[in-house]
Every structure is written in structure tokens, then in C-alpha cells.
Amino acid sequence: SEKLRVPEALTFDDVLLRPRESRVEPDEADVSTQVSKNVELNIPILSAAMDTVTESGMAIGMAREGGLGVLHRSMDVDEVVAEIERVKRADELVIRRENVVTARPDQTVQEVDEMMEHEGVSGAPVVDEDDEVLGIISGTDIRPYLEVGEKDSVEEAMTDEVITVHEDVEAREALELMYEHKIERVPVVDDDGRLVGLVTMQGILARREHENAARDEDSKLLVGVAVGPFEQDRAQAVDEAGADVLFIDCAHAHNLNVIDSAREIKEEVEADVVVGNIGTEAAAEDVVDFADGVKVGIGPGSICTTRVVSGSGMPQITAVSEVADVASDYDVPVIADGGIRYSGDAAKAIAAGADAVMLGSYFAGTDEAPGRVITMNGKKYKQYRGMGSVGAMQSGGGERYLKDEQEDEEFVPEGVEAATPYKGSLASELHQLVGGIQSGMGYVGAETIPELKERARFVRVSQAGQTEGHPHDVMITDEAPNYSPG
Ligand code: RVP
């Protein structure tokens, strides 16, 4: 029958990258990429919008390393707005006025000493009632007075020849000033000499550690946010709160009602809008005219049971390459979401046409993921669950997998709840992941992500080839940081 003349679809283990002539040294390969039309990342990696993967801690960690965290939507709108603000404030150069601890000239040194200790700061600008900066006081100024004249006023003890900077100060300039004058903090003032913020040495040095961070034009960390396809209000609110990319979060975005609604959201927000998930050429054709990015993945996720439960899905390498064939004609970036277990899978996803990859299980065991470490049989784990699992749906996150009429009834889950080995810091996981992608670029001879997409050719792998590709006929004695037997 016609129906049984079926096309083949491939996934990660079905293919390998064909080695090609190359002059590319892996550690020099450029992994920056476009995640959506207007947002660029320094590494092609996103963390999944799941309640056991991405909250502000993960989003901050991802952006500091050059990638993007996508906040999940299993929380109230107020909460997600607060989470966005946490990310945006994390590495700010200028601490804004409302967060600066200040002193008044008529306070006693003892009062100010207690206040600074309570607030956990070691110095404070001194301002009058109009917020004009009169001086600055630090532990060093106070110490001699604490011995002899605790009741003396701040005015007496403070340094009144105070160095200030203007709002548009650059990090380098501020740092030079601090070195030159041997000071650790500089008040930021407006044209009338009123306090608008504070720059600290500690803050600048912390930013320096993350040179590769993904930042917006105000130099704040980038953040992605998931919104339901019909959550116009949430979309508006997170857009206003400063989300850089909105992710329409749907298990089957080729549902035409979802596309209509996504199109409306796109018209109303300033942020880029990524539409997903899809897995076919036809779905891509229906969204590329308005989407700033598309996300691919129907059923590849490690905790996902969509394919078993529904009988539907698309093996990920074929899905990505079908979507990319369409999206690349419209310059719409493609994100491959789900199913990545090893760094090589990420390289394959990009080779198939993705501009970036999204992972859940890979990051769920890190310190930056929500949830605590649990110990079972002497081994450490963290919880990891599908957003379509019973647990996640009960706590409000599973709308993505929930049919309208189903709300009060028994759930039909499309995901499972699991535990994943505890892995320690996100930075070292990302180091392995990105390093593996760069190795792939070396084998293919690609200096950049677009070149990897362009130059990569696949070979088909047999079951024997698959076995050959993993460690075999040996007993592994020491764990590698980037390999555990799947
Ligand atoms: P993985 O990296 O293989 O753990 O997959 C993570 C992806 O799985 C998510 O980004 C999401 O697209 C998908 N997911 C999340 N929940 C579920 C589910 O319950 N079925 N699937």
C-alpha cells in the first residue's frame, strides 16, 4: 500500500560526521551564533525551560558562560518577572540608586558602622536630603573613631574629596580611576551631582571573570523566557520586564491555533519570538514568515514519552535538517531541542542545520539547576522531570501537554519523573560540551558555526559501527568528565 511506502528518518546514533580536510585547531574554532534574528550568543547552547532546569540561577550561569537560559513557565507571572530582574541585575556595572546603601552626614559613626555591617557593605556614599553626594565613608574612615568618639558624626569622619563618575561610565574607565586614587567604590552622579548609582571594584572584577558572557546593549545578562502559546498577558509582562527572547512553549506548534496566537504575540512584544516545537518542513513553512527563530524537537527528550504515548514524533537529525532547509532560506535561526546526551550529539545537531542546541538532562544535575542533591545507594543525584510528567503537571507546568477538557480529569502524561547524576558546576559541564563541539568543527574543517552547518556531511552508521564508536571490549576504570556509558 502507498501508506507503507514510508520515508526513513534518522537520529543522532544513526549518523556520524564525515572527517574532512581541515586547518582548524579546535580551540580556535569560533562558536558564536545567532539564537534568534536579533540575539547573538557566544556559545550555541541553551538550557531547557523546565522546572528542574532553568530558574534565575541557571539563567545567570548560562549567560555568564555565553549561552542562554530559558526560564520555565511553571510559576506565576509576578515570580517570573522577579526572576528576569534577578538575571538582569546580576552583573550590573552600576548598582542602581535604590540598591545603594547610603549614610547621612548627621548620623553617628557608630550608627553607620552597624548599618554597614547589617547591609553587608564596607562603605557608603554620604548624601544630603536632596541626594547630593557630600562624601563617602568606609570602614577605614570609621575605625579610628570607633575607638575614641563613637558619637562623632559621619560628617567629621567621612572623606569629603570624593571622586564621582557620570552615568555613562565604562568599566575600564571606572577601574582606572579606582586604581589611580586607591579607592574601591565610586558614586555615580547626574549633572546636578545627585547620586544615581555606585560602581564597585568588586563588581567590575566579578564581571571580568566572565568575558565571554552573553549581554544586552546595556551590558546586562541575556535571558530567555518560556510563555504558553495562549498566554498573551504573560508575554506582555515578561517583555516589559526585559526578556530578550520569548519562547512559545508548545509540544506541537504546528497546531494552527497555536500559530495564530504566536503571530499575535509577536506583533505585541519587543523581544524576539522563537516558535516551537516543530519537526517538519511543512511546520517550518507555516512559521518562518513571522518567527524570529524556530525550535525543533518532537519527542527526542530524555524524559519524554510523547512518541510512546501518542505514537507520533520525528527522529531528531531528520527533524532538524527538514526544518533547517526551510528556515535557512528565510534567515530564521534553528534551535535543536532535546535528545542530546553527548557533546558529539550537539555537533551533529548543528551539522544537520541547527544554529544552537537546547539541553535539559545535561544540565539538570548541576549546582545551578533548581532542587537539592539527593543521595541514593551512596550516589548523588538531582531530580529531573518532564514538564509533561504527572508531577510537573500537578504543580502547574504541564499546560504544554494538557488538553483543555483534561484539566480536572486524570492526566495523560507525556513525560516521566527521574533522577540524574549530580554533576557539580555548570561551567565545567559547558566546558566539555563546547569543547566537544569545537572538536567536531576541527574534524569537519569548520571555523565557525555557519561553516559547520555548511561543510558537514554525514555517514550512516550501522549497529556494528555504533558499538565500535563507544568504548568497547574494555572495562572503564576511571570516569571521563564527558563520557558515561549510555
Ligand atoms: P533532554 O535534553 O533530552 O533532557 O530534553 C529536554 C527537552 O525535552 C526540553 O527542552 C523539552 O523540549 C522536552 N521536554 C520537556 N518536558 C518534556 C516532557 O514531559 N515530555 N519534554
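Helices here are DSSP runs of H or I with at least four residues, and strands are E runs of at least two, both numbered from the N terminus. On that basis the protein chain has 18 helices and 21 strands. The model is a predicted one.

## Overall dimensions

The C-alpha trace spans about 95 × 55 × 50 Å along its principal axes. The protein chain holds 486 residues, and buried residues make up 51% of them.

## The barrel

Eight strands close into a barrel. Their order is β4-β5-β12-β13-β14-β15-β16-β17, and the pairing is parallel. Direction ignored, neighbouring strands of this sheet are turned by 25° against each other on average.

Strand β5 covers residues 68–71, and strand β12 covers residues 224–227. Two bridges join them, and the strands run parallel. Within this pair, Val 70 has Gly 224 of β12 as its bridge partner.

Strand β4 covers residues 45–47 and includes Ile 45. Is Ile 45 buried or exposed? Its relative accessibility is 0%, so Ile 45 counts as buried. The C-alpha atom of Ile 45 is separated by 12 Å from that of Gln 432, although the two residues are 387 apart along the chain.

Strand β14 spans residues 272–278 and contains Asn 277. The peptide bond leading from Gly 276 to Asn 277 is cis, with omega near 0°.

## Strand β11 and its partners

Strand β11 runs over residues 195–200. Five of its six residues are buried, and the strand is mostly covered. β11 has antiparallel bridges to β6 and to β10.

β6 is formed by residues 95–96 and shares two bridges with β11. Here Arg 96 stands opposite Gly 197. β10, residues 185–189, is joined to β11 by five bridges. In that pairing Val 189 partners Leu 195. β10 and β11 form a hairpin with five residues between them. In the turn, Gly 193 has a positive phi of about 80°.

## The three-stranded sheet

An open sheet has the strand order β18-β19-β20, with antiparallel pairing. Its edge strands are β18 (373–376) and β20 (417–421), each pairing on one side only. The twist averages 50° from one strand to the next.

β19 covers residues 379–385 and is joined to β20 by five bridges. Lys 382 has Thr 420 in β20 as its bridge partner.

## Positive phi outside glycine

Two residues that are not glycine are listed here with a positive phi.

| Residue | Phi | Location | Relative accessibility |
|---|---|---|---|
| Ser 219 | about 70° | loop between α7 (201–208) and β12 | 21%, partly exposed |
| Asn 377 | near 50° | loop between β18 and β19 | 84%, exposed |

The cut-offs explain the two labels. Exposed means over 50% relative accessible area, buried means under 20%, and partly exposed lies in between. At 21%, Ser 219 therefore counts as partly exposed. At 84%, Asn 377 counts as exposed.

## Aromatic pairs

How many aromatic pairs does a search of the whole structure find? It finds two. One joins Tyr 342 and Tyr 483: the ring centres are 5.5 Å apart and the planes lie at 10°, so this pair is stacked. The stacked pair links distant parts of the chain, 141 residues apart. Tyr 342 sits in the loop between β16 (334–337) and α13 (343–351), whereas Tyr 483 lies in the segment after α18 (463–469). Tyr 342 has a relative accessible area of 15%, so it is buried.

The other pair is Tyr 362 with Phe 363. Their ring centres are 5.7 Å apart and their planes stand at 85°, so the pair is edge-to-face. Tyr 362 and Phe 363 are both buried. The ring of Tyr 362 also has the charged end of Lys 423 over it, 4.4 Å from the ring centre.

## The largest pocket

The largest pocket has a volume of about 910 Å³. Its lining comprises 29 residues. Which of them lie nearest the pocket centre? They are Thr 420, Pro 421, Lys 423, Tyr 483 and Ser 484. The elements giving two or more residues to the lining are α14 (361–364), β19 and β20.

Several of the central residues also appear above. Thr 420 is the bridge partner of Lys 382. Lys 423 places its charged end over the ring of Tyr 362. Tyr 483 stacks with Tyr 342.

Definitions and conventions. Residues are numbered from 1 along each chain as its sequence is written. This is a predicted model: local features need pLDDT of at least 70, side-chain atom pairs count only at pLDDT 80 or more; totals for chains, interfaces and linings use all residues. Side-chain values use heavy atoms; hydrogens and water are left out. Rings of Phe, Tyr and Trp (its six-membered ring) pair if their centres lie within 6.5 Å; planes under 30 degrees apart count as stacked, over 60 as edge-to-face and the rest as tilted. Buried means under 20% relative accessible area, exposed over 50%, partly exposed in between (1.4 Å probe, protein chains only). A charge sits over a ring if NZ of Lys or CZ of Arg is within 6 Å of the ring centre and within 35 degrees of the ring normal. Two strands pair if DSSP finds at least two bridges between them. Axes are lines fitted to C-alpha atoms, for helices over the stretch in contact, and angles run from 0 to 180 degrees between N-to-C directions. On a 1 Å grid over the protein atoms alone, a cavity is a set of points where a 1.4 Å probe fits but cannot get out, and a pocket is an open set with protein on both sides within 12 Å along at least five of seven lines; lining residues have an atom within 4 Å of a point. Grid points are joined across faces, edges and corners, and a volume is the space filled by probe spheres set on the points.
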